[in-house]
Amino acid sequence: MKKKLLAAFAALVFMAIGASGARADIVWTVDGTFTDGTTVTGTFSINTYGYLDNNFSLTTQAKGDFGAFNYTASDSYYSNGTFYVDAQPGYQQDLHLAFLYALTNPVPNNPIVGGNPGPSYECINSYSCYVPSGGEVRYIDSGFASSVPEPSTWAMMILGFLSVGFAAYRRKSRLMLRLA
């Protein structure tokens, strides 16, 4: 009877979890290098609907005409497609990062598509980089973004590990009782 009750409870828990159907936000950590040797680092999140949310902070290093800049949600117009993010604090500066894999699917290392003239760049002193003449552009040479699991994902993993451990413990204790 105890076994059936425990199995029914476990089934109920898993059905409740599965019934929610909600996807967790995907938090991406960026680490990229420009062709001039400087870096872009930081994080951004793609929400459950596939759009960037307010967790957006990417920082670039200074070199030459480029000053160090922290692109944040509060001071930037930011947008995303399935494969890119774009941050634009006004019409004088722009950071555009394109990725090999869709940002709606978490992967350990999602390469930033770079090269000169690549789809990933930072530009200054031009009208949103649409008019590159008169403005400076630096391109991403290499880099990637890694997805970080949401706390709910960690909770589910830990619950799974505890369940497997408990099952192994129960099996061992039953075996000991039979041997005694």
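Is R138 buried or exposed? In this predicted model, R138 is buried, with a relative accessible area of 3%, and the sections below describe the contacts around this residue before turning to the aromatic rings.

## Salt bridges

Searching the whole structure yields two salt bridges. In one of them, the side chains of R138 and D36 come together with an N to O distance of 3.2 Å. Because R138 belongs to strand β10 (residues 136-148) while D36 sits in the loop between β1 (26-34) and β2 (39-46), this pair ties together parts of the chain that are 102 residues apart in sequence. The D36 end of the contact is partly exposed, its relative accessible area being 25%, a value that falls between the 20% limit for buried residues and the 50% limit for exposed ones.

R138 also forms a salt bridge with E122, and here the closest N and O atoms are 2.6 Å apart. Since E122 lies in strand β9 (residues 121-124) and R138 in strand β10, the pair ties together parts that are 16 residues apart in sequence. Both of these residues, E122 and R138, are buried. Taken together, D36, E122 and R138 are linked in a network of salt bridges.

## A charge over a ring

The contacts of R138 include an aromatic ring as well: R138 lies over the face of F34, at 4.4 Å from the ring centre.

## Aromatic pairs

The structure holds three aromatic pairs. One of them joins F44 and F56, whose ring centres are 6.4 Å apart and whose planes stand at 45 degrees, so the pair is classed as tilted. This pair links distant parts of the chain, with F44 in strand β2 and F56 in strand β3 (residues 52-60), 12 residues apart. Both F44 and F56 are buried.

Another pair is formed by F69 and Y71, with ring centres 4.7 Å apart and planes at 65 degrees; because planes over 60 degrees apart count as edge-to-face, this pair is assigned to that class. As for accessibility, F69 counts as partly exposed at 23%, whereas Y71 is buried, with a relative accessible area of 0%.

Beyond the individual geometries, ring pairs link F44, F56 and F99 into a cluster.

Notes: Residues numbered from 1 in each chain as written. Predicted model: local features only at pLDDT ≥ 70, side-chain atom pairs only at ≥ 80, totals over all residues. Heavy atoms only, no water. Salt bridge = Lys/Arg side-chain N within 4 Å of Asp/Glu carboxyl O. Helix = DSSP H or I, 4+ residues; strand = E, 2+ residues; numbered from the N terminus. Buried < 20%, exposed > 50% of the residue type's maximum accessible area, 1.4 Å probe, protein only. Phe/Tyr/Trp six-rings, centres within 6.5 Å; stacked < 30°, edge-to-face > 60°. Lys NZ or Arg CZ within 6 Å of the ring centre and 35° of its normal.
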